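Student: Could you take me through the salt bridges of this predicted model, one pair at a time? I would like to know where the partners of each pair sit in the chain and how far they are buried or exposed.

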Amino acid sequence: MNRHEPADRPPRGVWGQFWDYLWRKDDEDTPDAGRSAEAAWLPLWQSRMITDELVASGIPAVVTDDFNLNMTMYSREPMARIFVTEDRLVEATAIIEEILGHPPRHRPL
């Protein structure tokens, strides 16, 4: 049984599971400790410092470099993304906002 299926419903086929995954019917509002979420998109020089602070606060966080040779209109310097688990996202955002002095940005698609 898939974790997205209620116990009283018979198992769904592959397309039904894909549809449920795509539209996230069952658990769209509940944060899951098994999924990661982007906490911030920052300049590379700030990201290591903030990730260390998150880890020191007990929030598991990872950083990934996010830059290209072609700078975009969104950034003119190398950038990085910080990821945390969904259940700790609110705490991480509060810590990042406290350090930066403004809400963290997220990478536009």
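**Salt bridges, pair by pair**

Tutor: E38 is a good place to begin, because with a relative accessible area of 17% this residue falls under the 20% limit and is buried. The side chain of E38 meets that of R81 in a salt bridge, with 2.8 Å from N to O, and the pair joins distant parts of the chain, since E38 lies in strand β1 and R81 in strand β3, 43 residues apart. R81 itself has a relative accessibility of 22% and therefore counts as partly exposed.

A second pair is formed by R35 and E86, whose side chains meet in a salt bridge at 3.0 Å, N to O. Here too distant parts of the chain are linked, for R35 is in the loop between α1 (14–23) and β1 (36–43), while E86 is in the loop between β3 (79–85) and α3 (89–100), 51 residues apart. R35 is buried, at 15% relative accessible area, whereas E86, at 23%, is partly exposed.

In the pair of D65 and R48, the side chains form a salt bridge with an N to O distance of 2.9 Å, which connects strand β2 (residues 61–66), where D65 is found, with helix α2 (residues 44–56), where R48 is found, 17 residues apart. Both partners are partly exposed, D65 with a relative accessible area of 39% and R48 with one of 41%.

The model's count comes to four salt bridges, among them the pairs E38 with R81, R35 with E86 and D65 with R48.

Key. Residues are numbered from 1 along each chain as its sequence is written. This is a predicted model: local features need pLDDT of at least 70, side-chain atom pairs count only at pLDDT 80 or more; totals for chains, interfaces and linings use all residues. Side-chain values use heavy atoms; hydrogens and water are left out. Helices (H or I, at least four residues) and strands (E, at least two) are DSSP runs, numbered from the N terminus. Buried means under 20% relative accessible area, exposed over 50%, partly exposed in between (1.4 Å probe, protein chains only).
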